[in-house]
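The report that follows walks through one protein–ligand model, beginning at the ligand and moving outward to the packing of the chain. Please keep the sequence and the structure in view while reading.

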Amino acid sequence: MALLAELLTTPYLIQALCVAVFVFFISSFWQDLADEIPYGRVPLVGKKWWDLSNKKAKARFAEAARALIAEGFAKGVSVFQVMATTRPLIVLHPKYVDEIKSHPHLDFELATKKVGYTIFITSIAQNMGTEHQTDHSQNFFEDRIAGFEAFHPAGASRVILDTVRIKLTQALEWTSYNFSHKVPHIIARLSTLVFMGETVCRDPAWLDVSVNYTIDAFLAARALRMWPSVLRPLVHWFMPSCQKLRQHFAVARAIVAQEIENRTLAKEGQLASESAPRRADALDWLDELSTAYGSVSDRPREQVGLALAAIHTTSNLLTNVVYDLAAYPEYIEPLREEIKAVLAEDESLKKTSLLKLKLMDSVIKESQRINPVSIVSMNRAALAPIPLSDGTIIPRGATIAVSAHINEDDSVYPNASVYDGFRFYKKRQEPGHEHRHQLVTTTSENFGFGHGRHACPGRFFAANETKILLVHLLLKYDWKFKSVVGRPRNFEVGTESIADPSVELLFRGRVPGVDLRALGE
Ligand code: HEM
């Protein structure tokens, strides 16, 4: 005590503290600067040697990443770097996919952290409570959210019907509709049915969080980037964008806590349970997972994490398919005929029925090939120097991604620039290729869902959800563009590719031509 009192009175303490804070600030600023320094031995594209700062190069990346990547490969190199949103990104040619797909020193989680400042904006794995447990999360998704069961019971059909009806028109006259704005709400509702059950999937407050958390998280990350990393732990408390995220979390916490409490009360017989027994959902599965692995997890975070991973990605895929079918309506009748044939054979829409919708599978995959969610995939951070087979070394700490321009390669996809809804359908007819060209199959030539160790575990679910909605849309509606001619170009920000949100479609109800009881009506 006496020593402490003496220390507190000495003038050197203040000086020492000032020096420590100064050194801390300088080293942190230095770290920020160092993070932005391009790697010495990797060709740099998009930054002129006389540019002192990275500002212009970053702006170019945000506006024209596709052109920048094409410029890199046009130089005849297979590995180069561009100045991406936050730091240099090493872009690899797709020929390296098999070398890196499951490399133990290439980390997915760290890559998302490095680009997203997820320390204040929770990342998928943090949310899922599965950080450093990728294999467990893969098992969780593959075993449990395999994609259909929770859609199956009558209750679920009701939700699907309500959702499609409420959100789209019932009018038989053409009605103008901005599909891309509405679709996240449709997907949020259906996904929540599988993630948290019937009650929460109807809760507008939860649906608002599910849809808007992702958008607000991206805005907050962008705003946070304006600050040096050392100040972020402080400034985020005062930034409106980060405050908004905390509000989302407060709402999420309250809703999830209430649902957990209701379930506990129902189990103890203190709450009148619903007439039909409740089906297990992701809330139950994640409970089991943490019991099995003895981990403590944060349910609201996990649920927000699921929404983050699932909703806008699936919405974007479905919107792309809807735009493609408006642009190439010749696929619509064959798709309807396929649905009718499968329903006639199966009498109702079963999980196995979805597997039989092979033309639909091919159409969705073709939409994803031409407009993947990102023009690069397999974002990873190198935990150690990674030597590639041709002698190139990925430096330790670097973030990398594989260019998805293979999707446009005529030698892999003949007439690659042409939308061919039958492309993968035909490939699947070739002996031995039945599974290789399925929507959910990832390969070194087709990695819209990533590939290898971190390939999207939610793809089975996303594929089934997209197919179920397309069955309803195709049977019950006609649609066309209101004023666009041809296929509206996707909107690209950096490497992200988003179906043009300004497109208006015209929808009108149609006579389905099948007995809708097959869909649970
Ligand atoms: C069309 C919809 C979707 C697309 C295009 C998509 C795409 C992707 C991609 C490209 C990755 C990174 C893969 C890699 O780097 O190798 C990924 C990872 C992931 N996705 Fe999806 N995704 C979709 C839907 C979903 C859904 C519905 C869920 C949840 C139910 C989900 C959960 C995840 C998770 C948890 C990861 C991280 C995997 C890991 O840490 O290893 N995704 N997704």
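Which element gives the most to the shell around the ligand? In this predicted model, that element is α14, which contributes five residues to the shell.

**The ligand and its surroundings**

The ligand is surrounded by 25 residues, and the closest of these are R380, G450, H451, H454 and C456. Besides α14, which spans residues 299-327, the elements α7 (134-143), β6 (376-382) and α19 (459-476) each supply at least two residues of the shell. In composition, the shell holds 14 nonpolar residues, 10 polar residues and one charged residue.

Among the closest residues, R380, H451 and H454 each place a polar atom at a short listed distance from an oxygen atom of the ligand, as set out below.

| Residue | Atom on the protein side | Distance to a ligand oxygen atom |
|---|---|---|
| R380 | polar side-chain atom | 2.8 Å |
| H451 | polar backbone atom | 3.3 Å |
| H454 | N or O atom in the side chain | 2.8 Å |

**The protein as a whole**

The secondary structure of the protein amounts to 19 helices and 13 strands. Of its 521 residues, 50% are buried, and the accessible surface comes to about 24700 Å², with 60% of that area belonging to carbon and sulfur atoms. When contacts between residues at least 6 apart in sequence are considered, 74% of them join residues at least 24 apart.

**Nonpolar cores**

The largest nonpolar core has 82 residues, and within it L325 and W479 touch the most other members. The element that gives the most to this core is α14, with 13 residues, and α14 is also the element that gives the most to the shell around the ligand. Setting aside residues up to four places away in sequence, W479 touches W174, V322, L325, A326, L473, L474, L505, L506 and F507. There is also a second, separate core of 24 residues, which includes Y39, I100, I406 and V412.

**Two buried polar side chains**

Is R369, a residue of helix α17 (residues 358-370), buried or exposed? R369 counts as buried because its relative accessibility is 3%, where the cut-off for buried is under 20%. Its contacts, not counting residues up to four places away in sequence, are with N407, Y413, A416, V418, R423 and F424. One of these, A416, is 47 residues apart from R369 along the chain, yet the C-alpha atoms of the two are separated by 9.3 Å. Another, V418, has its backbone oxygen 3.4 Å from a polar atom of the R369 side chain.

S497 belongs to strand β12 (residues 496-498) and is likewise buried, since its relative accessible area is 2%. Its side chain takes part in a polar contact of 3.1 Å with the side chain of N490, while the backbone oxygen of P372 lies 3.5 Å from a polar atom of the S497 side chain. Apart from neighbours within four places in sequence, the residues in contact with S497 are N316, N371, P372, V373, S374, N490, F491 and E492. Among these contacts, N316 falls within the range 299-327 of α14, the helix already met in the shell around the ligand and in the largest nonpolar core.

Methods
Residues are numbered from 1 along each chain as its sequence is written. This is a predicted model: local features need pLDDT of at least 70, side-chain atom pairs count only at pLDDT 80 or more; totals for chains, interfaces and linings use all residues. Side-chain values use heavy atoms; hydrogens and water are left out. A residue is near a molecule or strand if one of its heavy atoms lies within 4 Å of it. A polar contact is a pair of N or O atoms within 3.5 Å; within protein, one must be able to donate a hydrogen and the other to accept it, and residues adjacent in sequence count only if both atoms are side-chain atoms. Helices (H or I, at least four residues) and strands (E, at least two) are DSSP runs, numbered from the N terminus. Ala, Val, Leu, Ile, Met, Phe, Trp, Tyr, Cys and Pro count as nonpolar, Asp, Glu, Lys and Arg as charged, and the others, Gly among them, as polar. Buried means under 20% relative accessible area, exposed over 50%, partly exposed in between (1.4 Å probe, protein chains only). Contact means heavy atoms within 4.5 Å. Accessible areas come from the Shrake-Rupley method with a 1.4 Å probe; for residues, only the protein chains shown count as cover. A nonpolar core is a set of buried Ala, Val, Leu, Ile, Met, Phe, Trp, Tyr and Cys residues joined through side-chain atoms within 4.5 Å.
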